[in-house]
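Thanks, everyone; I would like to use these few minutes to go through one part of a fold and then the packing around it. Please have a look at the model first.

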Amino acid sequence: MDSFVDGHGYLAACTAGLPTRGTLAAQRADLDAWGTGASSPVGYGALVEEGRGLFAQVVGVPAERVATGSQTSVMTAVVAASLPDGAEVVVPEGDFSSIVFPFLAQAHRGVRVRSVPLDALTSSLAPDTALVAWSAVQSATGVVADSTAVVDAAHAVGARTLCDLTQAAGVLPVSAEPFDVTVTHAYKWLCAPRGVAFMTLSEAALGWLRPVQAGWYAGADVWSSCYGPAMRLADDARRFDVSPAWQAWPGAVAALRHIASLDPASAWRHATGLADRLADRLGVARQSQAVMTVPDPSGAQLAALTAAGITASGRAGRLRLAFHHWNDESDVDAVAAVLAR
């Protein structure tokens, strides 16, 4: 906890993480360097490679299978553009739009999106399902999907898999290995500045995905790829890189260094333990999730917490209370005191 800024009363990691002190120092140092003309694309490039390696460590795949970017929706759009005409995509009802809209945008060539309840996802795949896309942890409810069962069901019908780890990586122990593709934005539980995202690709996905967003940063040698018309892309996942949002990377690397040094199982126990304690205090059923949610259709409970100086969030008619590294039992006490009223 001491590595982070004071996060007491902040229960919104599912919206945006808090910075470590190292992240703030790195961002400030970068601003100072920029102000004197001392920053350089080469230096930022070295940070991108370090960040790629650190994220690979967090999700348990080789760095050669990690692509970098700035938005998960753009990465999902690459997958959507690579599907054949008329393909069926199955998604959970109410999943985050960044892994739904890119497929809906392919309707002009017959791509069909079928939404089903999350608990029916495994039984809803059919032989003509081309891809199943879902979030490992649901944004609106904090529910942890049975991703192993989804992968098994997809393999049984020959479907490919896309899993969004944005609400999981950094708090829930995860491995990107079982999936064809994962997408992750790092500004939530990984506590990076906004503008750093990652995509992992299986060996098979490297073969069937088309790098439709390729630019100079996707080149085998980025500094030889600044001008056309010749195009020689990287052989590994870097062919899906996009030019980095430079100023986000110093802080992102500092955050990833810290997250990669932690035990994810301990992080999950810490977060879910606090959430379950709050459930006990409120007399509601334990959810055993890092994000505890309760119905709040009017927004009154969120408003009461906000008035008391507590930062939470509301989505889809529910109050979301997210517990992360900087939270402790004093946050449970504070929230319980407000909601009990």
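Helix α9, residues 300–307, lies across β8, β9 and β10 and runs at about 40° to β10, where helices (H or I, at least four residues) and strands (E, at least two) are DSSP runs numbered from the N terminus, and angles run from 0 to 180 degrees between N-to-C directions of lines fitted to C-alpha atoms, for helices over the stretch in contact. This is a predicted model, in which local features need pLDDT of at least 70 and side-chain atom pairs count only at pLDDT 80 or more, while totals for chains, interfaces and linings use all residues. Residues are numbered from 1 along each chain as its sequence is written, and side-chain values use heavy atoms, with hydrogens and water left out.

The three strands form an open antiparallel sheet in the order β8-β10-β9, pairing being called when DSSP finds at least two bridges between two strands. Because β8 (291–295) and β9 (313–315) each have a single partner strand, they stand at the edges, and one side of each is left without a neighbour in the sheet. Five bridges join β8 to the antiparallel β10, residues 318–322, and one pair of bridge partners is M292 and L321.

L321 also appears, with W134, L305 and F323, among the residues with the most contacts inside the largest nonpolar core, which has 80 residues; such a core is a set of buried Ala, Val, Leu, Ile, Met, Phe, Trp, Tyr and Cys residues joined through side-chain atoms within 4.5 Å, buried meaning under 20% relative accessible area with a 1.4 Å probe, protein chains only. The helix α2 gives the most to this core, with eight residues. Beyond its neighbours within four places in sequence, L305 is in contact (heavy atoms within 4.5 Å) with residues including I310, L319, L321 and V335.

Key
Buried < 20%, exposed > 50% of the residue type's maximum accessible area, 1.4 Å probe, protein only.
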